[in-house]
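Here are my notes for you, since you are new to this one. Have a look at the structure first, then read on.

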Amino acid sequence: MKLCDLDDVEEGSSNGFFLERDGRMESFMVIRRDGEVFVYVNSCPHIGAPLDFMPGKFLNPDKTHILCSSHGALFRIEDGLCVSGPCPDQSLTQVKVAVRDGGVYLSA
Ligand code: FES
């Protein structure tokens, strides 16, 4: 199931996408860093809110972490672990993907 084109997300940046899965519309964030692609469900472990106040903007100003705009939680890009904020030691839900032919696909 295709989530987006790789070109929809600039290297070192993020973007957000909606996809219907199991009959439900779900929101995902895609982050590209150092040639890798990371995808998480767009739901903060604190209270389940979407993280992006500005659509598609998921990174802190330094682009070192994923930022939840609601209460400022910071998550590691590589594994989604909360390292600062109101949900310590909780993690974003990572989504396994495959990148091929210029597209980002959810793994079965
Ligand atoms: S909803 Fe994300 S830090 Fe509160």
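The points below go through the sheets and then the cysteines.

1. Before anything else, keep in mind that this is a predicted model.

2. Let's start with the sheet built from β2, β3 and β4. Its 3 strands come in the order β2-β3-β4, the sheet is open, and the pairing is antiparallel. At the edges you'll find β2 and β4 (36-41); each has a single partner strand, so one side of each is left without a neighbour in the sheet. On average, neighbouring strands here are turned by 30° against each other, direction ignored.

3. Now zoom in on one pair in that sheet. Strand β2 covers residues 14-21 and strand β3 covers residues 24-33, and 8 bridges hold the two in antiparallel pairing. If you want to trace the register by eye, try Asn15, which sits opposite Val30 in β3. Another handy marker is Glu20, whose bridge partner in β3 is Met25.

4. How many residues lie between β2 and β3 in their hairpin? There are 2, and Asp22 in the turn has a positive phi of about 50°.

5. Next comes the sheet made of β5, β6 and β7. It is an open one with 3 strands, ordered β5-β6-β7 and paired antiparallel. Which strands are at the edges? They are β5 (65-67) and β7 (82-84), each pairing on one side only. Neighbouring strands in this sheet are turned by 40° against each other on average, again ignoring direction.

6. Within that sheet, β5 and strand β6 (residues 74-76) run antiparallel and are joined by 3 bridges. To find your place, look for Leu67, which stands opposite Leu74 in β6.

7. On to the cysteines. How many disulfides does a search of the whole structure find? The count is 0. Cys82, for one, is in no disulfide: the nearest cysteine sulfur belongs to Cys87 and is 3.7 Å away. A disulfide would need the two sulfur atoms within 2.5 Å, so this pair doesn't qualify.

8. Are Cys68 and Cys82 buried or exposed? Cys68 has a relative accessible area of 3%, so it counts as buried, given that the cut-off is under 20%. Cys82 is buried too, with a relative accessibility of 3%.

9. One general thing to remember while you look at the strands: in a regular strand, side chains alternate between the two faces of the sheet.

Definitions and conventions: Residues numbered from 1 in each chain as written. Predicted model: local features only at pLDDT ≥ 70, side-chain atom pairs only at ≥ 80, totals over all residues. Heavy atoms only, no water. Buried < 20%, exposed > 50% of the residue type's maximum accessible area, 1.4 Å probe, protein only. Pairing = 2+ DSSP bridges. Helix = DSSP H or I, 4+ residues; strand = E, 2+ residues; numbered from the N terminus. Axes fitted to C-alpha atoms, helices over the stretch in contact; angles between N-to-C directions.
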